[in-house]
Amino acid sequence: MSDQDPLVIFTPSGKRARVPAGTTVLSAARRMGVDLDSVCGGRGICSKCQVSPQFGQHSKHGVTVATDALSDWNAVEARYDEKRGLKPGRRLGCQAEICGDVVLDVPPDSQVHRQVVRKRAEARDIVLDPATRLYFVDVDQPDMHEPTGDLERLNRALQTQWKIGPVAAPLTVLSRLQTTLRKGNFQVTIAVHHDHAGSPRLIDIWPGLYEGGLYGLAIDLGSTTVAAHLCDLSSGEVRASSGVMNPQIRFGEDLMSRVSYVMMNPGGDAEMTAAVRAAMSDLFAEIAAEAGVDARAIVETVIVCNPVMHHLLLGIDPVELGQAPFALATSDAVHCWASELDLTGLNPAARTYLLPCIAGHVGADAAAVALSEAPGQQDDLTLIIDVGTNAEILLGDRNGVLACSSPTGPAFEGAQISSGQRAAPGAIEAIRIDPITKEPRFRVIGDERWSDEPGFDADVTGICGSGIIEAVAEMRMAGLVDAKGLIGSAEQTGSERLVAEGRTHAYVIFESLERRITVTQGDIRAIQLAKSALYAGARLLMDERGAETVDRVVLAGAFGAHISPLHAMVLGMIPDVLLEKVTSAGNAAGTGARIALLNRAARAEIETTVRRIHKVETAIEPRFQEHFVAANALPHATDPFPELRKIAQLPDVSFNQGDGGRPRRRGRR
């Protein structure tokens with residue numbers, strides 16, 4: 001391809017390549033190995049190949065997408081739109097031709113292998129004290145001799161029979177009050193929301209005795225995925241859990257690229273706000289249908305998210321978070337009506353609570369992790385790492401808690417990796433490399449068998465985040481990668497699986513007629529950068545605490561739940577510690593959201609706790625860069641990792657790409 005050919009970038013995969021002008025989007029996707037569906041052979045009938053072009057400036061990708069980057073709407077698309085309808089802004093990939101540099105988002109319904117959102121609800125004992133409850137009330141009928149309004153008599157009955165109130169009624173409920181009272185012969189069931197702050201509010205009213213139950217949603221709004229847990233407010237039971245990709249990925253894979261998008265594209269913040277609100281509303285409808293719950297019965301939502309997502313959800317311009325001093329519009333908890341956020345699929349009067357943010361880039365998601373894991377109540381010095389595109393790190397014990405965020409980027413989630421993909425069926429999620437033969441065996445999502453077991457016939461499509469972490473660590477332990485992250489040649493390693501790629505080499509994990517899945521030198525570098533940021537953040541907190549070691553490491557987040565502790569330590573993602581002291585908390589942020597949903601006292605607790613957490617700002621701390629550079633080595637340039645070396649062999653090889661000979665041992669000349 002010529003450098004003059006249009007550059008095509010697909011999201012959320014992050015795959016990019018130049019293709020000749022006039023190439024259809026579908027052809028480009030197939031050539032690049034992008035997961036874009038099509039069952040009609042490109043005739044414009046099935047609509048499976050829909051894409052959304054993203055116009056404007058994309059500083060993250062280094063391109064500006066002009067409005068004429070794709071060919072004009074053609075007759076096939078017009079006919080399809082007339083008969084079946086295309087969502088605004090979408091094109092048919094089999095019809096749209098590439099005319100210039102373009103960023104194309106592949107929506108979930110156009111992906112063959114949809115991402116598996118792994119943020120399940122973790123088992124947890126929670127003391128039930130929900131903010132929204134049902135009350136059956138017998139209201140006095142109106143009396144001409146004592147002229148009072150229906151709402152006033154309802155409040156009087158509430159006070160007499162339940163010792164609560166008075167309640168304020170939003171217009172959506174007040175407009176139905178009189179008809180409902182009379183339909184129930186002045187016996188009604190009401191839903192009252194009364195959290196730890198503020199006065200009680202009337203959420204809904206039913207004639208007679210209503211026994212349909214009340215439900216709430218605990219939502220973890222992440223940079224990459226949105227996960228929701230539908231909870232029964234009377235029992236705490238999780239009735240259904242589901243998740244979707246965050247549609248904001250098409251504007252930028254990491255937080256700062258989204259802030260940059262807003263800076264470069266006027267109105268970009270409103271675009272992202274509308275996109276995430278629509279995705280959340282669709283998710284709510286989907287999860288209610290899955291559980292067989294009436295949307296009207298969902299009366300409350302609790303949301304946790306990082307500061308940039310927090311601002312974009314609330315409709316606040318996030319630009320201030322992209323520059324020092326990283327000022328939040330508010331760090332306090334937010335109480336509002338769900339309707340103020342344009343959220344649907346809920347009761348029209350549903351309430352929304354957002355946990356408080358800790359500071360600048362340590363948000364409500366980190367606060368939720370602190371609520372769930374309670375590091376300030378531990379005797380052991382505990383390091384908690386919520387691994388994601390933007391990692392939140394907590395370090396603490398009964399003597400205090402420190403927090404920071406670290407910009408790890410999307411590499412840990414399979415993005416910006418040559419054969420990388422999000423977690424979806426067919427993605428390699430675990431791998432082992434024989435240190436003698438250098439041969440790999442692996443397991444993919446959707447098949448519990450290993451690739452060397454009888455009957456394994458999975459369609460291997462790529463490698464996801466947990467897979468690339470294990471692959472790089474296994475290559476290090478097998479002597480295929482040296483401590484500096486350099487991949488050896490076939491001659492240096494004795495393995496024909498090492499193939500030349502220009503001046504560097506790549507390790508072939510899998511090869512078929514359709515695709516080759518490799519780990520390249522660029523992939524190693526991407527993982528080094530991500531893990532260095534993670535380790536440097538943890539080390540910075542340890543410095544602040546005056547600690548050389550920690551007692552426990554807790555890996556949180558959906559991704560953290562699928563990381564092998566051994567492989568994480570081989571890479572140097574986490575500090576050296578006894579392996580049995582590394583545990584997974586699963587989706588701790590989601591657990592914190594559920595705790596806050598089901599126990600209103602927990603809301604008051606976390607609002608107090610976050611004010612006692614000391615934030616360390618990595619962006620302005622000089623030692624962060626020192627730690628980052630030292631952490632580039634595998635596992636580390638200076639930290640000895642004594643516990644790791646007791647259980648893992650790390651060959652002391654040093655590859656020189658120029659000599660083409662045997663590996664050099666350190667200390668030799």
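In the predicted model, Ala374 occupies the loop between α8 and β17 (382-386). The backbone of Ala374 has a phi near 45°, a positive value in a residue other than glycine. Most residues other than glycine have a negative phi, and most peptide bonds are trans. Ala374 has a relative accessibility of 16% and therefore counts as buried, the cut-off for that class being under 20%.

Helix α8, which precedes this loop, covers residues 364-373 and contains Ala364. The relative accessible area of Ala364 is 0%, so this residue is buried. When residues up to four places away in sequence are set aside, Ala364 touches Val304, Cys305, Leu355, Pro356 and Cys357. Val127, by comparison, is 237 residues from Ala364 along the chain, and the C-alpha atoms of the two are separated by 21 Å.

A positive phi also occurs at Asp342, which is not a glycine and has a value of about 60°. Asp342 is placed in the loop between β15 (334-337) and β16 (351-354). Contact with Asp342 is made by Ser281, which also meets Leu343 and Thr344, its neighbours within four places in sequence being left aside. Ser281 itself belongs to helix α6, formed by residues 268-291. With a relative accessibility of 7%, Ser281 falls below the 20% limit and is therefore classed as buried.

Two cis peptide bonds were identified in loops between helices. The bond from Gly165 to Pro166 is cis, with omega near 0°, and Pro166 is situated in the loop that joins α3 (150-162) to α4 (171-183). The bond from Leu634 to Pro635 is likewise cis, with omega near 5°. Pro635 is found in the loop between α16 (622-630) and α17 (642-647).

Two further positions, Gly465 and Glu237, were examined for burial and for their separation from other parts of the chain. Gly465 is part of helix α9, which comprises residues 465-477. Its relative accessibility is 4%, and Gly465 is therefore counted as buried. Gly465 and Arg422 are 43 residues apart in sequence, and the C-alpha atoms of this pair are 7.2 Å apart in space. Glu237, in contrast to the buried Gly465, is partly exposed, with a relative accessibility of 43%. Glu237 lies in the loop between β12 (225-232) and β13 (238-245). Residues up to four places away in sequence not being counted, Glu237 touches Leu230, Cys231 and Asp232. Between Glu237 and Tyr215, which are 22 residues apart along the chain, the C-alpha separation is 9.7 Å.

The second largest pocket encloses about 720 Å³ of space. Its lining consists of 32 residues, of which Lys15, Gly33, Val34, Asp35 and Thr461 are the closest to the centre of the pocket. Three elements, β1 (7-11), α1 (25-32) and β25 (516-519), each contribute at least two residues to this lining. By residue class, the lining of the second largest pocket comprises 10 nonpolar, 13 polar and 9 charged residues.

With regard to overall architecture, the protein chain contains 17 helices and 30 strands. Its radius of gyration is 27 Å, close to the 26 Å given by the globule rule for 669 residues, and the chain is therefore as compact as a globular protein of that length. The C-alpha trace spans about 105 × 70 × 50 Å along its principal axes. Of the 669 residues in the protein chain, 60% are buried. Among contacts with a separation of 6 or more, 68% are between residues 24 or more positions apart. The protein chain exposes a surface of about 26700 Å², and carbon and sulfur atoms supply 49% of this area.

Note on methods
Residues are numbered from 1 along each chain as its sequence is written. This is a predicted model: local features need pLDDT of at least 70, side-chain atom pairs count only at pLDDT 80 or more; totals for chains, interfaces and linings use all residues. Side-chain values use heavy atoms; hydrogens and water are left out. On a 1 Å grid over the protein atoms alone, a cavity is a set of points where a 1.4 Å probe fits but cannot get out, and a pocket is an open set with protein on both sides within 12 Å along at least five of seven lines; lining residues have an atom within 4 Å of a point. Grid points are joined across faces, edges and corners, and a volume is the space filled by probe spheres set on the points. Helices (H or I, at least four residues) and strands (E, at least two) are DSSP runs, numbered from the N terminus. Ala, Val, Leu, Ile, Met, Phe, Trp, Tyr, Cys and Pro count as nonpolar, Asp, Glu, Lys and Arg as charged, and the others, Gly among them, as polar. The radius of gyration is taken over C-alpha atoms; the globule rule is 2.2 Å times the number of residues to the power 0.38. Buried means under 20% relative accessible area, exposed over 50%, partly exposed in between (1.4 Å probe, protein chains only). Contact means heavy atoms within 4.5 Å. Accessible areas come from the Shrake-Rupley method with a 1.4 Å probe; for residues, only the protein chains shown count as cover.
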